[in-house]
Amino acid sequence: MKYLCLICAEKVMEQMPRPDADKHFEEYREFTDAVRKSGHYLGCNRLLPPDAASTVRVRDGRISVTDGPWVETKEQLGGYYLIEARDLNEAIQVAARIPGARFGCVEVRPVAEDAQTLQALGFDTQEAAA
Amino acid sequence: MVDRDASSDPVRQSMPAAAAVRAKVEEIYRTESRRVFATLIRLLGDFDLAEEGLHDAFRAALEQWPEQGVPANPRAWLVSTGRFKAVDTLRRRARFDFVEDLDDRPHPAGDESADEGSPGDSVEDDRLRLIFTCCHPTLPTEARTALTLREVCGLTTEEIARAFLTAPPTVAQRIVRAKARIRDARLRYEVPERAELPARLDSVLRVIYLVFNEGYSASAGDSLTRADLSGEAIRLGRLLVELLPEPEAIGLLALMLIQESRRAARTTPAGDLVLLDAQDRSRWLHELIAEGTALVERALLAGPAGPYALQAAIAAVHAEAPVAGATDWAQIVGLYDLLLQREPSPVVELNRGVAIAMRDGPAAGLAVIDTILNRGELADYHLAHAARADLCRRLGRHAEARVAYTRALALTRQATERRFLERRLAELAA
């Protein structure tokens, strides 16, 4: 099964003192290397800080764009890992090793893999099983 | 968006010889993974680390076996690879300051004589150690069942949640907490000493029977997955009897098999409940009954009968009767008397009352049930009121029967039982 691990923290890399950020990057390199080797890894990315965000809405056929993220919380989304795990507990175990989990938190969300979703997103069942 | 890193997965690239090895690895995963896991916990002293080691070992098998061939003793290979990988992981993490939460862990056995691969006792002992640890009395009951199903039976968190009609995060949390508790309380990974065994075994048997009943009361939710749960409990029961043939373990397995034999007959195709006396006995699975009955005899010969063996014996007496009318109620009452001595409980008393009604007539049974209810016990137990209602009905005391059926109906949430009680009420009105 696939799980998306959303990393939330009060400070993203850009907001950390340089040495702290360097250390944190190094931890992420190590972690990512480990999950690639273990076969859990499907994808990951780091996001630029929320002040780089634009929020898009379409109402009555008109596009509206506002600055910033759509929610204002202390903890901000900083990046994600998409992983493959046997079950939720294995996913939690992997998520617990994401370096950000020790400063902020990681939300683990199962990826919807029902037939309607797979069809709508253009994944055939074979691909989903792989 | 799903870009699986294909280059790190050599097996996927070289079909079809690799496909054969992959199939072999999957087969070994099904038959051996729980054994390997149980041994890794002993060697590494930690559930999570063992799980990672297990995962890494099977991953390594997928990578290496296509080239190197399947080893002569796959289990030993997987254990030593899993241990090696886990120790490596620990070292790597120590370098990266992850040590805070590792300090407390017992050091992964440097003891090379811990002889992971040797067949026979030690490996099977590991499976027993795992069962006893997962069913440890210091863990909350719900955690015991979730942990046992995941770690011993290999079910996924999501499957357990579905079977127990619970949300997966709730089950996941129970499992995480239970493992933390095992670690923090430093619960020993061991088969209990003889003196401690009866109490500890009782906890194991309770977990297994709870899992069985959860699957047997096909009342709510997806009845198919619930049936699987009973199958899982029976598999666990068989494993326990194989590893530790204590009379009560044998008794529980017998009880489950005989109850399971009636599964098809106890509901109509529409899902309505059919009571024992109205069941089509040709639909009972006689193979299971024969196996269960033989086990009952084995359990009873092994010493003073315990509660599970006695309940199994009662189920066996029912199973022996070719038609409901031929049931040996005198013997059943006698077995309930023994059961009451061993394990006094108002529910057993209630069942004895029903048996007495069958042996001596409804008035005698009603007297027993009213004695219990007048003591103020079982007032909220729907089956007590349903039994009372049934006996009143048979005595022609319809007004009382109606009151008791209505009370039973108010107390039960199980859909099949509700429909059954509603039918009985409607019949009374007619």
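1. A residue is partly exposed when the number of other C-beta atoms within 10 Å of its own falls between the buried limit, 20 or more, and the exposed limit, 12 or fewer. Take Glu63(B) in this predicted model. Glu63(B) has 15 C-beta neighbours inside 10 Å, so it counts as partly exposed. The residue sits in helix 3 of chain B, which covers residues 47–68. Compare its position with that of Arg206(B). The two are 143 residues apart in sequence, and their C-alpha atoms lie 41 Å apart in space.

2. Two more residues of chain B deserve a look, starting with Arg186(B). Its phi is near 50 degrees, a positive value in a residue other than glycine. Where is Arg186(B) placed? Look in the loop between helix 8 (168–184) and helix 9 (197–216) of chain B. Is Arg186(B) buried or exposed? It counts as exposed, because it has 11 C-beta neighbours inside 10 Å.

3. Leu378(B) is the second. Here phi is near 60 degrees, again a positive value in a residue that is not glycine. Leu378(B) belongs to the loop between helix 16 (362–374) and helix 17 (382–394) of chain B. With 20 other C-beta atoms within 10 Å, Leu378(B) is buried. So put the two side by side: Arg186(B) is exposed, whereas Leu378(B) is buried.

4. Helix 2 of chain B is worth rotating on screen. It runs over residues 17–44. A straight helix of 28 residues would span 40 Å at 1.5 Å a residue, but helix 2 of chain B spans only 34 Å between its end C-alpha atoms. Where does helix 2 of chain B bend? The bend is at Glu32(B), and it is about 60 degrees.

5. Stay with helix 2 of chain B and check burial. Its buried residues include Val21(B) and Val25(B). Past the bend at Glu32(B), the buried list takes in Val36(B), Phe37(B), Ala38(B), Thr39(B), Leu40(B), Ile41(B), Arg42(B), Leu43(B) and Leu44(B). Note that Arg42(B) and Thr39(B) are among them. Just after the helix comes Gly45(B), with a positive phi of about 70 degrees.

6. Now the nonpolar core. The largest one has 129 residues. Which residues have the most contacts inside it? They are Ala254(B), Ile258(B), Ala312(B) and Ala313(B). Helix 13 of chain B (residues 307–320) gives the most to this core, with 10 residues.

7. Ile258(B) shows what those contacts look like. Leaving out residues up to four places away in sequence, Ile258(B) touches Leu288(B), Ile289(B), Gly292(B), Ala312(B), Ala315(B), Ala316(B) and Ala319(B). Find Ala312(B) again here: it is one of the residues with the most contacts inside the core.

8. Step back to the whole of chain B. Its secondary structure is 19 helices and 0 strands. The chain has 430 residues, and 40% of them are buried. Take the contacts in chain B with a separation of 6 or more: residues 24 or more positions apart account for 60% of them.

9. The domain assignment divides chain B into domain 1 (7–102), domain 2 (123–185 + 197–244), domain 3 (246–325) and domain 4 (328–430). Domain 2 is given in two segments. Over C-alpha atoms, the centres of domain 1 and domain 4 of chain B are 55 Å apart.

10. Chain A has 4 helices and 6 strands. From the N terminus on, the order is β-α-β-β-β-β-α-β-α-α. Its C-alpha atoms fill a box of roughly 50 × 45 × 20 Å along the principal axes. Of its 130 residues, 25% count as buried. Among contacts in chain A with a separation of 6 or more, residues 24 or more positions apart account for 70%.

11. Last, confidence. The model scores ipTM 0.84 and pTM 0.80. Chain A averages a pLDDT of 88, and 92% of its residues score at least 70. Which element of chain A has the lowest confidence? That is helix 4 (residues 125–129), at a mean of 52, while strand 2 (residues 41–46) is highest at 96.

12. Chain B has a mean pLDDT of 87, with 87% of its residues reaching 70 or more. Over residues 102–121 of chain B, though, pLDDT is below 50, and this stretch has 27 contacts in the model beyond near neighbours in sequence. Residues 1–8 of chain B also stay under 50, with 9 contacts beyond four places in sequence.

Notes
Residues numbered from 1 in each chain as written. Chains lettered and ligands numbered in written order. Predicted model: local features only at pLDDT ≥ 70, side-chain atom pairs only at ≥ 80, totals over all residues. Core = buried A, V, L, I, M, F, W, Y, C linked by C-beta atoms within 7 Å. Contact = placed C-beta atoms within 7 Å. Expected span 1.5 Å × (residues − 1). Bend = angle between axes of the 7 residues up to and from the residue. Domains from an automatic or database assignment. pLDDT = per-residue confidence, 0-100.
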